[in-house]
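I wanted notes on the sheet, the open spaces and a few single residues of this chain. I looked them up one at a time and wrote down what I found.

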Amino acid sequence: MHRLRNKRILLGITGGIAAYKSAELVRALSGAGSQVRVVMTAGAQEFITPLTLQALSANPVHHSLLDPEAEAGMGHIELAKWADYILIAPASANFISRLAAGAADDLLTTLCLASVAPLAIAPAMNQAMWLDPATQANIEKIQRLKAIQIWGPDAGQQACGDVGPGRMIEPLALAQTLAQQFENQSLSGKTVMITAGPTREALDPVRYISNHSSGKMGFALATAAMEAGAHVILIAGPVNLATPDRVDRVNIASAQQMLDAVQQHLPQCDVFIGAAAVADYRAADVATQKIKKHDDDMCIRLVKNPDIIATVAASADKPFTVGFAAETQDVLAYARGKLVKKNLDMIIANDVSNPEIGFNSEDNAIIIIDAASQTPFPRATKYYLAQQIINTISNKL
Ligand code: C5P
């Protein structure tokens, strides 16, 4: 079920007595960490109120196609693009026939046509309706045309008193089957923590020591890890970048704050990537008032900051730990040295002496190094390289 975390599930509910079970399905999906948006047909609203599903999904329920107010909120095309997966449960005989016909005469059928997200239906109806050749032909047609998954129905006692096939699969089993659909994502079910950007070490209330790190590489890694299905925790220094979609961001300023945030989230993390340019030193004493100028020269005593990645790599339940080595000379030798000294599983070396790549640039050029191998990746966008790094990490896990 952990694979459902952060997934965007569009749950379609159609008119049938099994619609009352959809409330439990919404709870199971939300409980597993999915974002759920419910779309109801007119028939569904005769069996269960939108208010119940709104409360359980913590989102407004969608039901009309041509309602200007609803379209102004999240329009049908936006909703179609939003979904990672569409599940229709229960799917009535009438809905299945409209799906087979390619109808777009209400919001739910329109969404099914407008979305490229995978689609599954959980049929629920009277056993004779299910076994009717018209329904069976519709089922065969939607599987052939659109590779729609059909989950169920179960056989047994029906609400109408009949016995036979037509019961909706139980909500928990539906949620588990849905979770399995996300298995093929390489980091599905994994938590990846990434540090990014510079740290800021205060000297007094208005001054600090920092560096030129833009955070772009770490943010690109967060995006790539999220797209590979991971739950991503991004510990970000002060940078001017938007939070990538579906990434949990924690803002910090100093190295000590970064370490505190990392340690707080460490127990749940499978992979740690230290992409931050952590300041090596901080002021021994931070002045409480603005430092005044007096003499021609002045000294600031600095003390060493904690090494965050080395602390992570020394922890009892060490995650797969990946560091960066930004170097201006002897790139390979220094990077290998850090791999060993900090007890890392992998290190990404990059030459920051070239002003066209590295710090603040959109591009980078890297060498992915582990104990057994080193693989160079020539200049490319940070996002492309982030995808290569994430692929390499998932192959090693
Ligand atoms: O600064 P250095 O070259 O040692 O950085 C190598 C790696 O160690 C990077 O992944 C960086 O994020 C991490 N690091 C850290 N804490 C520090 C210094 C560096 O996590 N105090």
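The entries below go from the sheet to the pockets, then to the cavity and two threonines.

**Entry 1: the model.** I note at the start that this is a predicted model.

**Entry 2: the sheet.** I looked up the strand order and found an open sheet of 5 strands, S2-S1-S3-S4-S5, with parallel pairing. The edges are strand S2 (35-40) and strand S5 (149-150), each of which pairs on one side only. I then took the contact between S1 and S2. Strand S1 covers residues 8-13, runs parallel to S2 and is joined to S2 by 6 bridges. For the register I wrote down two pairs: Gly12 stands opposite Val39 in S2, and Ile13 stands opposite Met40 in S2.

**Entry 3: the two sides of S1.** Which residues of S1 point one way, and which the other? I found Arg8, Leu10 and Gly12 on one side and Ile9, Leu11 and Ile13 on the other. In a regular strand, side chains alternate between the two sheet faces. Neither set in S1 is left open, as all of these residues are buried. The count agrees: 6 of the 6 residues of S1 are buried.

**Entry 4: the helix across the sheet.** I followed the chain to helix H1, residues 22-31, which lies across S1, S2 and strand S3 (85-91). The angle of H1 to S1 is about 180°. I listed the buried residues of H1 as Ser22, Ala23, Leu25, Val26, Ala28 and Leu29. What covers these buried residues? The cover includes S1, S2 and S3, together with helix H2 (50-57) and helix H9 (171-180). After H1 comes Gly33, where I noted a positive phi, near 95°.

**Entry 5: the largest pocket.** I looked up the volume of the largest pocket and got about 1,100 Å³. Its lining has 44 residues, and those closest to the centre are Ala276, Ala277, Val278, Asp280 and Phe324. Which elements give two or more residues to this lining? I found three strands and three helices: strand S8 (191-196), strand S13 (271-274) and strand S16 (320-327), with helix H10 (216-227), helix H12 (308-313) and helix H13 (331-341). S16 gives the most, with 4 residues. By class I recorded 20 nonpolar, 16 polar and 8 charged residues in the lining.

**Entry 6: the second largest pocket.** The volume here is about 360 Å³. I found 20 lining residues, with Ile17, Ala18, Ala124, Met125 and Ala159 nearest the centre. They divide into 11 nonpolar, 7 polar and 2 charged.

**Entry 7: enclosed space.** How many cavities of 30 Å³ or more does a search of the whole structure find? The search gives 1. The space in the largest cavity is about 40 Å³. I listed its lining as His62, His63, Ser64, Ala70, Glu71, Met74, Gly75, His76, Leu79 and Leu107. Helix H3 (68-74) and helix H4 (76-82) each supply at least two of the lining residues, and H3 gives the most, with 3. The classes are 4 nonpolar, 5 polar and 1 charged.

**Entry 8: Thr110.** I placed Thr110 in helix H6, residues 107-114. Is Thr110 buried or exposed? I count Thr110 as buried because its relative accessible area is 11%, and the cut-off for buried is under 20%. Leaving out residues up to four places away in sequence, Thr110 touches Leu65, His76, Ala103, Ala104 and Asp105. One of these, His76, is also in the lining of the largest cavity. I also took the separation from Phe324, a residue from Entry 5: the C-alpha atoms of Thr110 and Phe324 are 47 Å apart, with their positions 214 residues apart along the chain.

**Entry 9: Thr195.** I found Thr195 in strand S8. Thr195 is buried too, with a relative accessible area of 2%. Beyond its neighbours within four places in sequence, I listed its contacts as Ile235, Met258, Val262, Phe272, Ile273, Gly274, Ala275 and Ala276. Ala276 is among the residues closest to the centre of the largest pocket.

Technical notes
Residues are numbered from 1 along each chain as its sequence is written. This is a predicted model: local features need pLDDT of at least 70, side-chain atom pairs count only at pLDDT 80 or more; totals for chains, interfaces and linings use all residues. Side-chain values use heavy atoms; hydrogens and water are left out. On a 1 Å grid over the protein atoms alone, a cavity is a set of points where a 1.4 Å probe fits but cannot get out, and a pocket is an open set with protein on both sides within 12 Å along at least five of seven lines; lining residues have an atom within 4 Å of a point. Grid points are joined across faces, edges and corners, and a volume is the space filled by probe spheres set on the points. Ala, Val, Leu, Ile, Met, Phe, Trp, Tyr, Cys and Pro count as nonpolar, Asp, Glu, Lys and Arg as charged, and the others, Gly among them, as polar. Buried means under 20% relative accessible area, exposed over 50%, partly exposed in between (1.4 Å probe, protein chains only). Contact means heavy atoms within 4.5 Å. Two strands pair if DSSP finds at least two bridges between them. Axes are lines fitted to C-alpha atoms, for helices over the stretch in contact, and angles run from 0 to 180 degrees between N-to-C directions.
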